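Welcome, and please take a moment to look over the chain before reading on. We will go from the overall fold to the ligand, then on to charged pairs and the surface.

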Amino acid sequence: MKFAVCINHVPDTATKVHVGPDGKSIEKTGVNYVISPYDEYAVEAALRFKEKQSGEVIVLSWGGDAHKESLRKALAMGVDKAVLLKDDSTRDSFGVARALADYLRELAPDVILFGKQSVDYDDSAVGIMVAEMLGLPSAAVVVSMEITGGTAKADREIEGGHEVVEVQLPAVFTIQKGAYEPRYPSLKGIMAAKGKPIEERQPAPMEAKVETITMVKPPAKQAGKIVGTDVGAVPELVRLLHEEAKVI
Ligand SMILES: Cc1cc2nc3c(=O)[nH]c(=O)nc-3n(C[C@H](O)[C@H](O)[C@H](O)COP(=O)(O)OP(=O)(O)OC[C@H]3O[C@@H](n4cnc5c(N)ncnc54)[C@H](O)[C@@H]3O)c2cc1C
């Protein structure tokens, strides 16, 4: 069985991000980049399926050379092949989905996995767009899955509960934190990944349908107010919560 996993290379959530001088993109200097965390769950899911029932896991990423770092990490985790859809142009989610879908059509995997959301632009759009472009069934926000023959049963997280759905393969899944806690690459895996090639493809050019006009950081939080340090402060605290904060 062939598994494809789409991974994005994003700023580490622990990194302090600043808006760049153009006012519509982030300042990239000094930012540490990682595989988008939900995409790491997707890589782990594919590796577990492969280990259980054999097959091949291919990871792909659209972007510039910097994305090779995340592709190499996936190789170190144990995937078989990494592909960079190399492009330094500006693309919105639709453009990224188009590049991925064009390559996936040719690759024809049985299972296509995405993270539920990329933790940079947070659209939760690319995976489902790719499913539409390829005319494949999809299940989003999946916390665990089973594959039997040509059928997949997926447990989806929904508001206040879970929903179990069944789809015929080939199909697209977007993975949420759940059953697939990612493994740490072993030293052997890291060493082996250094020597593995990363295939490069040139996606067809495409104009962005969405243009970023401006990017701003949220206003700085106001300093906290200390109302008092003993029980005598409680009436004033209650009054402020009621009249100022309006939360009680
Ligand atoms: C106007 C505009 C211009 C942009 N220009 C650039 C640019 O020039 N360079 C750049 O790097 N980013 C650019 N971005 C950001 C880029 O579109 C996003 O990083 C990427 O598409 C993810 O977007 P998202 O948050 O909507 O993903 P989501 O829809 O939240 O992602 C869902 C899943 O799709 C998969 N996925 C997302 N992105 C990729 C990817 N690149 N490769 C493989 N799989 C992926 C992952 O599995 C991810 O978990 C731009 C965004 C906008 C709106």
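Let us begin with one residue, E200, which is partly exposed, with a relative accessible area of 40%. Keep E200 in mind, for we will come back to this residue once the wider picture is in place. Please note as well that what you see is a predicted model.

Now step back and take in the whole chain. Its secondary structure comes to six helices and eleven strands. Along the principal axes, the C-alpha trace spans about 70 × 45 × 40 Å. The chain has 248 residues, and 40% of them count as buried.

Next, turn to the ligand. There are 27 residues around the ligand, and D39, S93, D120, D123 and A125 come nearest. What classes of residue make up this shell? Eleven of its residues are nonpolar, ten are polar and six are charged. Some pieces of secondary structure take part too: β4 (56-63), α3 (93-107) and β6 (111-115) each supply at least two residues of the shell.

Several polar atoms of the protein sit beside oxygen atoms of the ligand. From D120, a polar side-chain atom lies 2.7 Å from a ligand oxygen. D123 also offers a polar side-chain atom, here 3.0 Å from an oxygen atom of the ligand. With R91 it is the backbone that takes part: one of its polar backbone atoms is 3.1 Å from a ligand oxygen. How much of the ligand does the protein bury? Taken alone, the ligand exposes 930 Å², and the protein buries 90% of that.

From here we can move on to the charged pairs. Side chains of opposite charge can pair when their charged atoms come close. In this chain, the count comes to 19 salt bridges.

One of these brings us back to E200, whose side chain meets that of K68 in a salt bridge of 2.7 Å, N to O. K68 lies in helix α2 (residues 68-77) and E200 in strand β11 (residues 198-201), so this pair ties together parts that are 132 residues apart in sequence. Like E200, which is partly exposed, K68 is partly exposed, with a relative accessible area of 24%.

Another salt bridge joins the side chains of K86 and D88, at 3.9 Å from N to O. Are these two partners buried or exposed? K86 counts as buried because its relative accessibility is 17%, under the 20% limit. D88, on the other hand, counts as exposed, since its relative accessibility is 63%, over the limit of 50%. The two pairs also belong to a wider arrangement: D65, K68, K86, D88 and E200 are linked in a network of salt bridges.

A further pair is R156 and E163, whose closest N and O atoms are 2.5 Å apart in a salt bridge. R156 is buried, with a relative accessible area of 18%, whereas E163 counts as partly exposed at 33% relative accessibility.

Our last stop is on the surface. Which residues make up the nonpolar surface patch of about 670 Å²? The patch is made by V227, V231, V234, L237, V238, L241, V247 and I248. Take L237 as one of its members: this residue has its place in helix α6 (residues 234-243). At 38% relative accessibility, L237 counts as partly exposed, so L237 passes the limit of over 30% that is set for residues of a patch.

Note on methods: Residues numbered from 1 in each chain as written. Predicted model: local features only at pLDDT ≥ 70, side-chain atom pairs only at ≥ 80, totals over all residues. Heavy atoms only, no water. Patch = residues over 30% accessible without salt bridge, like charges linked within 9 Å, V, L, I, M, F, W, Y side chains within 5 Å. Areas by Shrake-Rupley, 256 points an atom, 1.4 Å probe, with all protein chains shown as cover. Salt bridge = Lys/Arg side-chain N within 4 Å of Asp/Glu carboxyl O. Helix = DSSP H or I, 4+ residues; strand = E, 2+ residues; numbered from the N terminus. Buried < 20%, exposed > 50% of the residue type's maximum accessible area, 1.4 Å probe, protein only. Near = heavy atom within 4 Å. Polar contact = N/O pair within 3.5 Å; in protein donor to acceptor, adjacent residues only side chain to side chain. Nonpolar A, V, L, I, M, F, W, Y, C, P; charged D, E, K, R; others polar.
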